[in-house]
Every structure is written in C-alpha cells, then in structure tokens.
Amino acid sequence: MIKFFSGRRQKLPDVRAPRAFGDKILEAVAVLLILGIWVVAFILYNKAPDVIPTHINIYGKADRIGSKDTLLVLAGIATFVMSLTGYRSFFPSRMSRFPVQITDQNMLIQYALIARYLRALNVLVGMLFVAMLFNLSNFFLSIGDGIFEILMVIIVALLLLSAVVYNILARKYR
C-alpha cells in the first residue's frame with residue numbers, strides 16, 4: 001500500500017535548493033500571467049454589462065449572475081493564490097509536505113523537485129484563471145465559442161498529471 005503522507009510533520013533544515021534556468025523561466029511566466037490576468041480583467045470589466053454570469057455549470061449554462069466586479073475579484077483571488085504558491089516554492093522545507101522521508105542524502109533533490117512542481121503548478125493555475133476569465137466573458141463578448149471550456153479541461157488534466165509526475169519523481173529519488 002502506498003503511503004502518501006505521514007501523520008506527523010517532519011522537522012526539516014532550512015536549506016535552499018539551487019534554482020535552474022527552467023525554474024527562473026517558470027517564475028517569470030507566473031509573474032507575466034498575474035499581470036496578464038489583471039490586464040484581461042480590466043479590459044473585460046470595461047466591456048462587460050453591469051450584470052454578468054458568475055458561475056457556469058457543467059453543461060456550459062450560466063446558473064448564477066452577479067456584478068461585473070466579479071471579474072476583478074477573480075483577478076484578486078488569482079493573484080493571492082499564485083503569490084502564495086510562488087512564495088511556497090522558495091521555502092520548501094517550511095511550507096511543504098513530502099511524500100517521502102527527507103534525509104541528508106536526498107534533501108536537495110527533494111527540495112528542488114517540490115520547488116519545481118510548485119512553480120509549474122503556479123503556471124498551470126494562472127492559465128486556469130485566464131481560461132476562467134475568458135470563459136465568463138464568452139457570455140457577453142461571444143469570443144472563443146467553447147474553446148475555453150476545452151482549455152480548462154486540458155489544464156485540469158495537466159494539473160493532475162503534474163501531481164502524478166511529481167510523486168513518481170519524488171519516490172524515484174528518495
């Protein structure tokens with residue numbers, strides 16, 4: 001039986017894993033996504049009617065309406081979530097739980113793996129928020145015509161796949 005997380009949290013030393021070029025790229029993409037989310041939110045806010053759909057059910061139908069301020073709230077939530085995830089990637093020993101026991105021999109590789117996973121997760125979450133904004137805008141701008149729902153499904157699948165890949169790599173380099 002696979003044990004994903006132990007019951008107690010392991011006390012870990014505060015060691016920083018070196019950041020590779022790919023990590024810096026992921027961080028830059030995440031920052032650009034946050035800025036892009038705000039730009040898109042403000043553009044959509046200016047084009048949106050006063051009342052917009054705020055929730056879309058599984059069938060693609062709006063089942064809740066609200067103020068267009070929801071677009072800015074969504075951008076704020078995206079900024080908070082992405083900032084917290086980005087911050088966590090810099091302090092893996094304090095802010096993460098590991099699927100394997102951390103030892104002196106595997107510490108750096110495990111820290112680097114979780115940090116890279118969190119950076120990739122951050123980019124995927126940012127893409128998901130962009131797709132959510134465009135999906136909401138489809139009701140009042142008629143752009144995309146279903147492409148953003150497909151994009152959201154692909155991003156969610158990539159989120160799940162990234163978690164599986166991280167867990168496989170963490171176990172491989174235990």
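**Helix packing around helix 4 and the largest pocket**

In this predicted model, helix 1 (residues 21-47) packs against helix 4 at an angle of about 15°, the axes lying 9 Å apart; axes are lines fitted to C-alpha atoms over the stretch in contact, with angles from 0 to 180 degrees between N-to-C directions. Helix 1 is therefore roughly parallel (under 35 degrees) to helix 4. By class, their contact (heavy atoms within 4.5 Å) has 17 nonpolar, 3 polar and 5 charged residues.

The axes of helix 2 (residues 69-90) and helix 4 (residues 107-141) come within 8 Å and cross at roughly 175°, which means that the two helices are roughly antiparallel (over 145 degrees). The contact of helix 2 with helix 4 has 16 nonpolar, 5 polar and 2 charged residues. Among the residues in contact are Leu71, Leu74 and Ile77 in helix 2, and Ala115, Leu118 and Phe140 in helix 4.

The lining of the largest pocket consists of 15 residues, with Ile56, Asn57, Met132, Asn135 and Met152 nearest the pocket centre. Strand 1 (51-56), helix 2, helix 4 and helix 5 (147-172) each give two or more residues to this lining, and helix 5 gives the most, with 4 residues. By class, the lining comprises 8 nonpolar, 6 polar and 1 charged.

Residues are numbered from 1 along each chain as its sequence is written, and side-chain values use heavy atoms, with hydrogens and water left out. Local features need pLDDT of at least 70 and side-chain atom pairs count only at pLDDT 80 or more, whereas totals for chains, interfaces and linings use all residues.

Definitions and conventions
Parallel < 35°, antiparallel > 145°, perpendicular 65-115°, else oblique. Nonpolar A, V, L, I, M, F, W, Y, C, P; charged D, E, K, R; others polar. 1 Å grid on protein atoms, 1.4 Å probe; cavity = no way out; pocket = protein on both sides within 12 Å on 5 of 7 lines; lining within 4 Å.
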